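Grab a pencil and work through these short exercises. Each one comes with a solution that goes step by step.

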Amino acid sequence: MTNRPVTISLPDYLVRVPSPIGMLEVTSDGEAITSLSIERDGHLPLEGLPEKSTPVLDEAAAQLAEYFAGERRDFDLPLKVAGTDFQRAVWNELSALEWGEVASYGSIGLATGRPTAGRAVGGAVGANPVPIIVPCHRVLATDGKITGYSGGNGIPTKVWLLDHEGIVHKTVVAAGV
């Protein structure tokens, strides 16, 4: 086995946007949004890079501010995201969810033609490169429980987003807490 160098491509454009759930880092290729990261433990993935905006990022920042102010319920931004065919099918299902609407992992699996792929759906949801814009926070277990969240500080971030949209949910409390 040979070690091959890993090629990491840096974004052409990047802005940071303040939000109630922490700083957001949004990237673009100049034409579309390519990623959104939520601050985790005070850090962002590309925090060492300088900001360089473009009109699509300016629009994303404006729409995110409107969302957090409760003035926007959906996003109208061009997206260019990389993923497998299955991940993209899951993300398309997430994009169809309206403000305040939820889906279960099973219902998304069913909609993508893989009704027994709950764990695979969970993996695809967790790999969503543009959370909030593609609303992966709107996915709950069938019984309404939050089973996890890969963005920001995890479950507390998801709870904030669900509460912001008025989505009823159940949080799992760890034993002894």
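**Exercise 1: Fold and size**

Along the sequence, the protein chain runs β-β-β-α-α-β-α-α-β-α, where helices (H or I, at least four residues) and strands (E, at least two) are DSSP runs numbered from the N terminus. This is a predicted model: local features need pLDDT of at least 70, side-chain atom pairs count only at pLDDT 80 or more, and totals for chains, interfaces and linings use all residues. Residues are numbered from 1 along each chain as its sequence is written, and side-chain values use heavy atoms, leaving out hydrogens and water.

Task: find out how compact the protein chain is.

Step 1. Take the radius of gyration over C-alpha atoms, and for the globule rule use 2.2 Å times the number of residues to the power 0.38.
Step 2. The radius is 17 Å, close to the 16 Å that the rule gives for 177 residues, so the protein chain is as compact as a globular protein of that length.

**Exercise 2: Inside the chain**

Task: what percentage of the 177 residues is buried?

Step 1. Buried means under 20% relative accessible area, exposed over 50%, and partly exposed in between (1.4 Å probe, protein chains only).
Step 2. Buried residues come to 43% of the 177.

**Exercise 3: One residue**

Task: is Arg119 buried or exposed, and where does Arg119 sit?

Step 1. Look in helix H4, residues 118–126, and you'll find Arg119 there.
Step 2. Arg119 has a relative accessible area of 81%, so Arg119 is exposed.
Step 3. Now check Tyr105: Arg119 and Tyr105 are 14 residues apart in sequence, and their C-alpha atoms are 7.9 Å apart in space.
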